[in-house]
Amino acid sequence: MVLSTLKLVNFKNYQEETFQFKEGISCLLGLNGMGKTNLLDAIHYLCMTRSSQSNIDQDNILFGEPYFSIIGNFKSGLKVNCYFESGKKKVFKVNGTEPDKLSDHIGSIPCVLTTPDDNELIREGSEVRRKLFDRVISQYDHHYLEQLIQCRKLLNQRNSYLKQNAGKSSYNKNLLRTYDEQLIPLFRDISGKRNEFLEEFRSYFTSNYHEVFKVDEIPAIRYRTKCLDKNFEEQFYETVQKDLILERTTMGSHKDDFVFLLDGKPTKKFGSQGQQKSLIIALKLSEFDFLKAKKDEVPLLLLDDIFDKLDDHRISHLVKLLSDGKRFSQVFISDARKERTKKFFEKNKGVTFFEIENGHLNG
């Protein structure tokens, strides 16, 4: 997949700008706050129908303007247009036609995004890790995505009912049972799919971790779920009183977690800053390789501030990996230190530099 042109109108800090891209590596250079991350987010919109930073489309309109527009043309002939006007429904078109549901577009343009906030994958709670792997699976398995959407809807309904009946001595057990009978098989299916995914994904992860930084540590990902226990249904029904007290559903696939390990020890607790950064980069490259194999399509690779906290030796090795045109069709890299990026890519003929200042392309 190769993005040829990108036109932004009133998107974040871009009033109107058009970019022409080529295959290979596109380096987005400029000081912090100039619009590099916003540009990557616009590409993410074309792939995933939404921002990677906010669930609220309104937040992405240039201040004082009524709408934003993102138009992307791809080498394959695909044209994607995302338009949002304040107070109205978002319009998303592929070759001039709106998909029946926005979720139908997910996976059509596979992409992998890294951000400076990716350290939360290790340091924060389980929700960010579930979102990561759910996003990967959803790009090649639409049935899984539909199950996630349905599960989220039912969970919201069940939790709302629990709040309405908190502290009451009597409640409509049949209604609660109706939610439970729909949720239990969904929980099992979702957790089962995550488990199957991880069985395949582990080899990509191990291979990339060793390839990226040539270290001896053994990386691993451990999946924690109760939904695949033989007596899960029995356990779930036993939590009803607890759920009513806490006013939320305390068991299910929405409580699953993924734990990253190095040499059998949790990276969150024992991993150095360098090890954590290495793990995240390996994780994202594994996501890329995995989607490439599953989709038989080369994903777009969006790397925001990827060189931060890496020494020159590790940057040099990473640049060498990313310069493999047989593996990567199009890579976007942002960096606030343009001298650093130009230094490492100066001998690479497949690189285009874009200098961005206050939402404008210089030169």
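In this predicted model, helix H11 spans residues 338–345 and has Arg340, Thr341, Phe344 and Phe345 among its buried residues. These four cover an arc of only 115° around the axis, which places them on the same side of H11. The pattern fits a simple rule of helical geometry: an α-helix has 3.6 residues a turn, so residues three or four places apart point the same way. As for what lies against them, the buried residues of H11 pack against helix H10 (312–322) and against three strands, E3 (24–29), E12 (330–335) and E13 (351–357). Lys342, for its part, lies over the face of Phe353, at 5.7 Å from the ring centre.

Aromatic rings offer another way into the structure, which holds 27 aromatic pairs. One of them joins Phe133 and Phe258; their ring centres are 4.4 Å apart and their planes stand at 45°, so the pair is tilted. The two partners come from distant parts of the chain, with Phe133 in helix H3 (residues 126–138) and Phe258 in strand E9 (residues 257–262), 125 residues apart. Phe133 counts as buried because its relative accessibility is 1%, under the 20% limit. Phe258 is likewise buried, with a relative accessible area of 1%.

A second tilted pair is formed by Phe288 and Phe328, at 4.7 Å centre to centre and with 40° between the planes. Here too distant parts of the chain are linked: Phe288 belongs to helix H9 (residues 273–295), whereas Phe328 sits in the loop between H10 and E12, 40 residues apart. Both Phe288 and Phe328 are buried.

Beyond single pairs, ring pairs link Phe133 and Phe258 into a cluster with Tyr140, Phe197, Phe201, Tyr204, Phe205, Tyr223, Phe260 and Phe290. Elsewhere, a ring meets a charge: the charged end of Lys265 sits over the ring of Phe270, 5.7 Å from its centre.

Attention turns finally to Thr249, found in the loop between helix H7 (240–246) and E9. Thr249 is buried, its relative accessible area being 2%. Its side chain makes a polar contact of 3.0 Å with the side chain of Arg158, and another polar contact, of 2.7 Å, joins the side chains of Thr249 and Asn159. Setting aside neighbours within four places in sequence, the residues in contact with Thr249 include Arg158 and Asn159 as well as Leu155, Leu162, Phe236, Asp243, His254 and Lys255.

Definitions and conventions
Residues are numbered from 1 along each chain as its sequence is written. This is a predicted model: local features need pLDDT of at least 70, side-chain atom pairs count only at pLDDT 80 or more; totals for chains, interfaces and linings use all residues. Side-chain values use heavy atoms; hydrogens and water are left out. Buried means under 20% relative accessible area, exposed over 50%, partly exposed in between (1.4 Å probe, protein chains only). Helices (H or I, at least four residues) and strands (E, at least two) are DSSP runs, numbered from the N terminus. The arc is that of the directions from the helix axis to the C-beta atoms. Contact means heavy atoms within 4.5 Å. Rings of Phe, Tyr and Trp (its six-membered ring) pair if their centres lie within 6.5 Å; planes under 30 degrees apart count as stacked, over 60 as edge-to-face and the rest as tilted. A charge sits over a ring if NZ of Lys or CZ of Arg is within 6 Å of the ring centre and within 35 degrees of the ring normal. A polar contact is a pair of N or O atoms within 3.5 Å; within protein, one must be able to donate a hydrogen and the other to accept it, and residues adjacent in sequence count only if both atoms are side-chain atoms.
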